[in-house]
Structure formats: C-alpha cells, structure tokens
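Here's a short set of exercises to work through with the model open in your viewer. Try each task before you read its solution.

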Amino acid sequence: MKNMGMQLDGLQQYIRYALSQLPPQNGTADFEKISFYFARYRIHRNILPATGPVQAGGDQGRDFETFHTYLRNSSIANSAFLSDFSDKPVAFACSLEKNPTKKNGKIFSDVKTITASGVSVGRIYFFSGHDIPVAARHKTQADIKRLFNVELEIIDAQALSQHLSDADLFWVATQFLKVPSEFYPERKEDNWYSKLLKEYKESSGEINSYQEFEEVKSAIRFIYKNEELKSDLIFWLPKLDGLITHHKMPNQLIRKAIYERFVASLVGLDFVEGQEQNIKQYFEHFEDFLSTSDLEDAQHLLSFCMTSHLVGRHKIPKTFLDDIGNRMDKLLSELIQNAPTADNRCGLLDLQSNFYFHDFRNDHNFVKNFGKYLEGLNKLLKELPKSNYFPVDRLSDRLNSILKILINSPVNLNELEKIANQVDELLSKRAGVYIAGQKLRDRAMIYLESGDNTKAIEIFHDVKVRWYNQDTVKGTILTCLLLAKTYQKQELFIASKYYGLVAAYLAYKTKDTSLSDKILQGIANAADCDYVTGSWLSYMRLMSMLLGSHSMITKDFDVFDNKDSIRLLYYPSVILEAARRFIPEAVPVLEEVISDCGNLKELFVDVQDKLKEELDSQEFLKKIESEIKGAPFNDLAPDRIIVFNACGCDWHFSFKNNYETSAICEEFISIFQIFLQDISNEDLHLRPGRARIHIVIDNSKKNGIKEILIEDRSAMLVTLSRFSGTTPSQRAKHTFERLAFAQGLTYHQSMLPYKDYDLIVANRLKNESVVSKITFGQAYEVLFKEFNDGKYFNIGHLAGVWNIFDVSDKSMAENAALPWKSGLSPRYNSKETNEAIDNRIRNLKAPLSVSLPLLIKAEWFQTLLTELKVDGWLDWQILHALAHLVVNYKAQFKKAPSSENEAKKMFFDFFEKDEAEWYVPLDASIINKKRMRQELEMMLPVVLLRSFNLENRSQQPDVKGILKMLIERFRFFEDGKEINLFQDTEKG
C-alpha cells in the first residue's frame with residue numbers, strides 16, 4: 001500500500017481538485033457543511049447553522065437570536081451561518097458560484113441580505129468553492145467596506161484545501177469530498193499515537209463518526225508496517241469490524257471501513273481470511289458510488305484482492321473478481337464518454353489507465369495491459385491542458401511509482417518516460433519549477449537506486465539547472481552532491497571532484513549556516529576522489545581543510561564519533577605509511593601539509609604502527625592497489641599522471657605538476673569525463689586500449705590538438721591556453737572551446753568515418769545544456785584555486801621527490817559502470833560482409849595464380865597453414881596476407897616509386913596483374929611464420945577496416961585494439977569460417 005497522501009502539497013492539490021468536482025447544484029449542501037466545520041475549527045466554536053434551532057443567552061444571545069431568526073427566513077438561509085464573535089455577531093456565507101466577486105455577484109448579494117437584517121455584524125466570512133485572485137479579493141473587500149461599512153474576509157478554495165489537509169480537519173474532506181483511502185495527512189505532534197491509543201483504551205472506543213474513523217485509520221496506517229507496533233492491530237481492527245456491522249452508519253463510511261480492514265490485515269498481518277463477505281458487500285453495488293475517489297478506492301481494493309488471490313490468501317472466487325473487473329471497465333468507459341468537465345474526464349482517464357496497468361483479469365497479458373496503460377495515459381495527456389484543478393503532481397508521483405515497479409523489467413520504458421516528461425512540463429507551468437524539479441529528482445533517485453547511473457545523471461543535471469535558475473540554493477547544492485556521488489559511481493573521479501567542490505563553494509557563498517554541513521560533504525567528496533585517484537598530496541590538503549571546517553561547523557566535534565573519521569584518520573595514515581616505506585623523501589612534504597592538524601598527528605602514528613604490525617610491504621602494496629584507481633602519489637613529482645578507464649579505453653593524461661597547469665589540466669579532464677558520460681549511450685566504436693594524452697599550457701591564446709610520437713608510441717598532444725577573459729559569457733565560451741578539443745580525443749579513438757561521428761557528436765555539442773553540465777556555479781579552475789594553496793606546489797618541495805609507482809604501461813581494470821560496447825555492431829551486415837569475402841578471394845587469384853598451386857603442394861607450407869589456423873586465422877585471411885606478402889616481396893625488384901601516389905598506383909597494378917606475367921620463385925625463407933604473422937596481425941586488420949566502413953586515424957595504428965574491435969563486433973573470426981582455400985585437389 002502506498003502512502004500517497006503523506007506529502008502535504010499533493011494532498012492539498014487533490015482536495016482542491018475534489019472541491020472543483022462538487023456540482024453547482026447538488027454539491028451546495030456538502031460545500032456548506034465543509035465551510036461550517038471549517039469555521040467551527042478555525043474561526044469560532046460557538047456557531048450554528050442559519051436554519052438550525054435558536055440557542056442563545058444574554059445580550060449577545062438576543063442579538064444572535066434576532067440575527068439568526070432573520071436569516072432563517074432569508075433567501076440565503078441555506079448558505080449562511082453565524083457566531084457570537086468579539087462584541088458583535090459574525091456572519092458566514094458560502095457559494096459554489098463562479099466569479100462571486102463580480103458586480104451583483106454572490107458576495108455582494110449575500111452581504112446586502114445580511115446587513116439588511118437591521119442587526120449590526122462585526123465581520124462577514126464568505127467561503128468560495130473557487131480560487132479568487134488576490135487583487136480581486138482586495139478590491140471586493142474595499143468595495144464592501146465602502147458600500148456596507150462591514151469587514152469582509154474571503155476564504156477561497158485554495159485556502160480551504162490547505163486547512164482540510166490538516167489532521168484535525170481531514171475527516172471533513174473524507175466525509176464530504178470522498179478523498180481516496182490512500183490519502184491521509186501525516187500527524188506531526190509528539191507522541192500522538194500513544195495518546196490516541198490511551199484515549200481509545202479508556203473509552204468505549206466505538207466509531208460513530210467520520211472524525212473517529214479518521215483517527216482510527218491514522219493509527220492503523222502508523223503501525224501496520226512497523227514490526228514493533230503492528231501487534232496493536234489486534235486492538236484497532238475490531239473497531240473497524242464494529243463499524244462495518246453497524247447498519248445505521250452511512251454506506252460511504254462502512255465502505256471505507258471495509259477497505260481499511262482488508263488492506264491493513266493483508267499488509268500488516270498477511271491474513272485476510274473471513275473477510276470474503278465484506279468484499280462481496282463492498283462490490284455488490286459499487287456502481288452507485290460514482291465519484292472518482294470512490295472509484296479509485298474500488299479499483300485499489302480490487303487490485304489488492306486480485307494479487308492476494310494469486311498467493312492463496314482468501315477464498316474469493318477468481319470468476320467473481322474478473323466479473324467486478326469487467327463491470328469496472330465498462331463503467332469507466334461510460335463515465336469517460338459522458339464526463340461533464342475536463343477535470344472530471346482527466347480524473348476518470350487517470351483511473352482507467354491505472355486500472356489497465358493492474359488488470360489481472362483472464363490470462364493477465366501484461367504486455368497487452370501495458371500497451372493499453374500507455375494508450376490511456378496519452379489520452380489523458382491530450383485532456384490535461386483543458387483541465388483546471390486535476391492534481392498533476394499526483395499523476396507525476398504515480399508515474400514515478402510505476403516507473404519504479406518496471407525499472408528492472410524487460411519492458412521498453414521510452415514511451416512512459418516521454419509521458420512523464422510531458423507531465424512534468426505541465427506541472428512546471430502550474431505548480432512551479434521547484435515542485436516539478438522535486439518530481440524529476442525523485443525519478444532520478446529511482447534510476448540511481450536501480451543502477452542506471454547514466455539516466456540519473458542526465459536528470460540530476462536538468463534538476464540542477466531548473467532549481468538554480470529559480471534561486472532554490474539548497475536544492476541546487478543537494479543535487480550537485482548527488483551528481484558528485486553518481487559520477488563517483490561511474491569512476492569519473494575528476495568530474496565527481498568538480499561537483500563536490502561546486503556544492504561546497506555554493507554552500508559557503510550562501511552564508512546560510514543551515515547549509516554548513518554541505519560544505520563538509522562537498523570537501524569530503526572531493527577528498528575521496530583525490531584519494532582513489534592517487535592524488536595524495538592534494539588529499540592531505542583537503543583533509544586538513546575538512547578537519548578545520550569540522551572544528552568550526554560541527555558541534556562537539558569528535559573525530560572518533562563522526563562519519564568522516566575514516567577520511568581524517570585512516571586514509572592519511574595509509575598515505576604517510578606508504579611514503580615512509582616507499583618514498584621517504586615525500587614524508588617532510590606531507591608533514592608540512594598536515595602541520596596544523598594538532599592532536600591528529602599522534603593518532604596518525606598510532607594507525608601507522610598498526611599497519612606496520614599487520615601488513616608487510618608486499619601486502620601493503622596489494623591493499624593500496626585494491627583501494628585506488630590510479631598511481632599513488634601521482635601529484636608529488638614534477639610530472640603528473642592521471643589515468644582512468646572508461647568506455648573500454650585507458651585514458652592516460654600527463655602534464656607538468658605545478659599550480660597553474662594542474663588547475664587547467666584537471667578542469668580539462670573533468671570536462672572530458674563529463675563529456676564521456678554524456679555520450680556513453682552512443683556507439684562511437686571507440687578502439688579499446690590505451691589512449692595517451694600529453695597536455696601543455698601555451699601562453700598564447702591558441703588551443704590545439706594533434707598526434708605525436710612519444711618513445712615510438714602514438715599520443716595526442718593537447719595545447720591549452722589560459723583564460724584571459726573577465727565576464728561569465730567569456731568564461732562559457734572558453735569552456736565550450738575546451739569541450740571542443742576534449743571531444744577531439746574521442747574522435748581520434750573512434751573508428752567511425754568522420755561524417756558518422758560528426759552526426760552523433762555535433763548534435764550533442766549544439767545542445768545548450770552541455771555547457772551547464774561541464775561548468776556550473778563556478779569554473780573548475782577557479783574552484784581549484786579556491787580550495788588549494790599555491791605554496792604546496794612550490795617546485796622546491798618536489799624537486800627531490802620522484803614517484804616510484806609507474807602506471808605508464810599498466811592496464812587498468814575495466815570500468816564496469818562505463819564498459820566498452822561489445823556485441824555485434826549495428827553497422828555489421830552479414831550479407832555484405834560475406835559478399836566482400838567472396839570478392840576478395842576472387843580478386844586475389846590473379847596475383848597468386850602461379851604460386852598458390854605450388855605452395856599448396858609444399859609440405860612446409862601446409863605445416864605453416866596448420867600453425868596459423870591453430871591461432872584462429874581463417875583461410876580467406878591467410879590468403880589475403882599471403883598475397884600482400886608475395887606482392888611486397890616482388891615489388892622490391894621493381895623500380896622504386898617517386899611518390900606516395902605512384903606507390904599506391906604501382907601496388908594496385910600489381911594486384912590486378914596476373915602472376916604468370918612476373919613470376920618469381922618463392923620458398924620457406926620468404927613465406928615464413930614470422931612474416932605471415934606480421935601480415936596477419938599488423939597489416940591485415942588495418943587494411944580491411946574500410947570494408948567494414950571503419951577508419952583508422954592514427955599514424956601508429958593500435959592493431960591489437962583494431963583486431964579486438966573486428967573480432968568481437970564484426971565476426972572477424974566467424975564469417976567465412978567454412979571456406980577452404982588450401983586443399984590439394986590432386987590428393988583429393
């Protein structure tokens with residue numbers, strides 16, 4: 001059972017919707033009672049209906065009596081009531097008329113009638129079933145004062161909704177507005193449950209009114225899921241039994257008691273036997289209760305009955321429940337067709353779609369039901385703009401609930417997500433950006449809890465911007481912290497560090513002490529990222545800052561009794577002990593950073609001593625490797641390395657380790673990581689393996705990116721300029737330029753042709769939201785300097801320190817959160833691939849027309865073939881490599897070409913030329929395993945890329961990565977497997 005009414009805003013909006021459903025004619029009596037009880041509970045207890053008996057005494061009583069007697073015979077007798085308030089009587093009037101403030105409207109006519117009685121009243125309260133704008137209210141009050149010399153208070157539908165959602169008045173909404181049973185207000189007073197239990201145990205405790213029913217219901221809802229308190233159900237449930245069998249009670253109240261009895265017993269006790277007759281009584285004439293709230297209760301109860309029937313919890317026949325479902329289906333369709341208003345139609349369409357989702361009739365075809373559910377929601381979407389008071393926020397909550405149910409199912413949720421987004425857009429217009437943002441955040445949390453971090457990040461970014469633009473600082477900061485945590489789950493630690501620092505920075509700048517703990521959380525997150533990436537000098541700086549912040553912010557701070565204790569004690573001790581064992585020269589540098597940590601330094605020594613006792617150096621190294629994702633102390637030496645794995649690649653960044661360069665380079669890596677996350681769902685066909693990037697800072701204003709060779713290995717040289725602007729727009733432009741160069745890294749690693757790559761990435765870069773993802777609140781470079789003291793980057797500190805932990809050739813473990821896209825490529829086409837293989841075989845016959853028949857008969861060649869096939873190579877691949885080897889060997893006897901173009905033409909001609917025209921004898925010294933493997937492993941994958949509509953952009957191709965791409969995504973070792981090209985036909 002969902003506690004759908006616990007959120008105050010949603011409850012108020014639903015009550016407002018229910019007020020709008022009161023019919024102008026038949027609903028007047030109910031509205032008068034709602035207004036009457038509101039006045040009694042909120043304005044004055046001593047009031048009587050105008051048509052009731054006269055009870056008064058004293059001078060005030062005579063005035064009241066006279067006034068009341070007059071009203072009883074007036075034209076507004078059924079819409080007014082009064083009270084002896086202060087030293088003058090007070091009159092009350094109510095109406096469901098639209099626009100009652102208009103000239104000669106209900107307010108003016110009622111005030112005229114009341115004041116014409118000859119009795120002076122001190123104030124008149126007018127209750128309206130519609131919303132009245134503030135300006136119209138103030139003007140009407142002024143006009144009434146001027147014309148009738150009486151004070152007027154107007155209580156409109158919005159004000160009523162707010163008060164009727166309070167616990168003490170909610171029974172009024174239940175009785176007269178028939179609010180669904182799943183709605184109820186949260187009681188906030190201290191010890192209310194124990195007080196209520198005591199009160200009912202000391203009295204007869206029978207339920208004789210809606211108010212008492214709501215008290216019992218609130219008690220049951222409070223305890224039925226509480227393992228310690230649910231035993232009290234044995235006391236409370238019989239109260240409902242007494243009400244159910246009390247035939248003088250209203251049918252509406254009895255039905256609510258049946259609902260509550262069954263659901264509380266099912267959820268709280270998992271036992272509903274014996275209630276079968278109650279269920280049959282409830283559904284016998286359910287078509288007589290046609291309000292949307294009554295129908296919703298019936299639908300929910302039917303769903304509970306169906307699901308509990310499937311697990312054998314009661315003896316209600318399935319045929320009976322199916323029949324109820326058929327009747328409900330038919331009734332909803334008829335009501336929708338004849339709905340009098342758009343609000344009513346929306347409520348019914350919402351019910352119908354929800355009914356289809358929970359439909360257990362007949363064979364319960366969920367796929368079919370889900371399709372009808374979506375169809376119903378789309379009908380609802382078309383009607384929503386026409387409605388005025390339909391509770392859109394409740395619909396958003398319901399969609400989130402359905403999404404949570406289906407999140408790990410095989411059902412395609414794209415259409416449901418699209419509908420939810422459209423609902424949120426409407427909610428944003430009606431309830432404001434903040435409320436819509438709350439629903440979006442709730443949806444993001446559903447994705448986060450289900451493990452879909454990518455979707456969660458996308459939504460968090462949306463929420464972050466919405467709230468920031470509305471100046472809702474707390475929500476923005478919380479969302480930044482959620483982004484930091486989620487990027488951390490994605491192992492994108494520099495991006496995570498950025499959003500942790502953004503949160504800390506915004507919390508600090510607000511000067512709001514209630515947000516001080518968010519400063520701590522942001523710094524702690526950033527420090528965690530430094531620790532796990534091996535940026536241990538930076539970690540020690542942030543740890544020292546975290547300690548100082550705790551001393552100022554946390555009351556009675558105790559390092560042993562704080563969630564940051566592991567950050568403040570264990571991690572620093574590990575770092576100090578690692579330095580002591582492996583890089584002793586680093587110890588003085590680290591000790592200077594923590595010089596202001598006071599008594600903590602003694603605690604560090606205690607933890608270090610424990611590490612010495614428990615772990616030898618080899619075990620200690622293994623422990624370090626298990627805890628971090630980069631090179632320990634990577635920010636301690638003059639050169640710095642940051643390495644991480646994402647999308648199948650080890651991204652290896654190197655740069656000079658100084659204050660300015662580190663600020664710029666960390667910003668660039670953060671931008672790149674955020675971009676990688678943003679495109680992670682796209683299939684860029686990134687070549688798996690190591691991507692080396694070396695960053696340099698240029699004092700000119702030029703940025704650049706190009707491929708270079710470092711120790712004969714391919715690397716990308718990224719040249720970045722310093723920011724020289726002063727305005728936010730200049731900073732945004734500068735950051736976008738950084739992004740443009742960052743995506744150049746994925747372009748170099750991608751094997752897609754440029755036009756295909758650009759089609760994907762260009763659309764991303766054109767989206768304005770991308771800039772708000774890579775920079776928000778404050779630029780990374782600024783935050784870096786805000787939270788780092790430049791003195792610790794003094795090269796004098798680092799000159800004698802060299803990091804022994806080398807990760808330049810170390811392969812990173814694959815990032816499970818952002819893995820390489822394996823599986824068959826969407827670009828793969830079986831027919832085209834096999835046709836290309838056949839064409840290739842056919843075209844290679846000419847350059848081998850003489851050699852191939854001779855080689856097939858040679859025993860040494862057959863031995864070579866066997867060895868190559870054992871390695872997995874197929875006949876058509878061996879043929880291709882053999883042809884290249886033969887042509888290249890023969891080409892050396894020809895005149896050397898004078899240009900690259902001439903060389904290409906010459907080799908093309910050689911492959912077209914029949915070998916008989918230029919035959920050269922070949923033997924095992926020329927065609928050997930070493931040369932063939934070189935052709936197969938180093939040349940063949942690159943040469944064949946274009947046949948798969950792929951490209952290599954590197955001067956030094958990573959053949960290993962290319963081959964993995966072809967094998968795992970293009971069936972390189974599968975297609976053509978059945979082809980046998982080297983059989984000696986003479987031997988049969």
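## Exercise 1: the second largest cavity

α1, α13, α15 and α17 (392-406) each supply at least two residues of the lining of the second largest cavity. Before going on, some ground rules: this is a predicted model, in which local features need pLDDT of at least 70, side-chain atom pairs count only at pLDDT 80 or more, and totals for chains, interfaces and linings use all residues. Residues are numbered from 1 along each chain as its sequence is written, and side-chain values use heavy atoms, with hydrogens and water left out.

**Task.** Work out which helix gives the largest share of the lining of the second largest cavity, and how the lining residues divide by type.

**Solution.**
- Step 1, terms. On a 1 Å grid over the protein atoms alone, a cavity is a set of points where a 1.4 Å probe fits but cannot get out; a pocket is an open set with protein on both sides within 12 Å along at least five of seven lines; lining residues have an atom within 4 Å of a point. Points are joined across faces, edges and corners, and a volume is the space filled by probe spheres set on them. Helices (H or I, at least four residues) and strands (E, at least two) are DSSP runs numbered from the N terminus.
- Step 2, size. The volume comes to about 60 Å³.
- Step 3, lining. Tyr-14, Tyr-17, Asp-350, Leu-351 and Arg-398 are among the residues that line this cavity.
- Step 4, share. α15 leads with 3 residues.
- Step 5, type. Count Ala, Val, Leu, Ile, Met, Phe, Trp, Tyr, Cys and Pro as nonpolar, Asp, Glu, Lys and Arg as charged, and the others, Gly among them, as polar. That gives 5 nonpolar, 2 polar and 4 charged.

## Exercise 2: the largest cavity and the largest pocket

**Task.** Find which element gives the most to the lining of the largest cavity, then do likewise for the largest pocket.

**Solution.**
- Step 1. There are 4 cavities of 30 Å³ or more, and the largest holds about 70 Å³.
- Step 2. Its lining includes Gln-299, Leu-302, Phe-355 and Arg-361. α13 gives the most, 4 residues, and the split is 4 nonpolar, 4 polar and 2 charged.
- Step 3. Now the largest pocket, with a volume of about 1000 Å³. Of its 36 lining residues, Ser-20, Gln-21, Leu-22, Pro-23 and Asn-344 are the closest to the centre.
- Step 4. α1 (8-20), α7 (170-177), α13 (292-310) and α15 (342-357) each give two or more residues to that lining. α1 has the largest share, 5 residues.
- Step 5. By type, the pocket lining divides into 17 nonpolar, 14 polar and 5 charged.

## Exercise 3: parallel strands

**Task.** Trace how β7 pairs with β8, and give the hand of the crossover between them.

**Solution.**
- Step 1. Two strands pair if DSSP finds at least two bridges between them. β7 (residues 649-656) and β8 (residues 689-698) run parallel, joined by 6 bridges.
- Step 2. Check the register: Asp-650 sits opposite Arg-690 in β8.
- Step 3. From β7 the chain goes through helix α29 (residues 659-678) to β8, a left-handed β-α-β crossover. For the convention, right-handed means that, with the strands pointing away from the viewer, the path from the first strand over the helix to the second runs clockwise.
- Step 4. β8 also pairs with β10 (residues 713-721), again parallel, over 6 bridges, with Ile-697 opposite Leu-720.

## Exercise 4: positive phi and a helix check

**Task.** Is Asp-270 buried, exposed or partly exposed? And does the span of α38 agree or disagree with its residue count?

**Solution.**
- Step 1. Most residues other than glycine have a negative phi. Asp-270, not a glycine, has a positive phi of about 55 degrees, and Lys-511 has one near 65 degrees.
- Step 2. Asp-270 lies in the loop between α11 (251-269) and α12 (276-284); Lys-511 is in the loop between α22 (493-510) and α23 (516-533).
- Step 3. Buried means under 20% relative accessible area, exposed over 50%, partly exposed in between (1.4 Å probe, protein chains only). Asp-270, at 40%, is partly exposed, whereas Lys-511, at 61%, is exposed.
- Step 4. The expected span of a helix is 1.5 Å times one less than its number of residues. For the 17 residues of α38 (residues 875-891) that is 24 Å, and the end C-alpha atoms are 24 Å apart, which agrees.
- Step 5. 16 of the 17 residues of α38 are buried, so the helix is largely enclosed by the rest of the structure.
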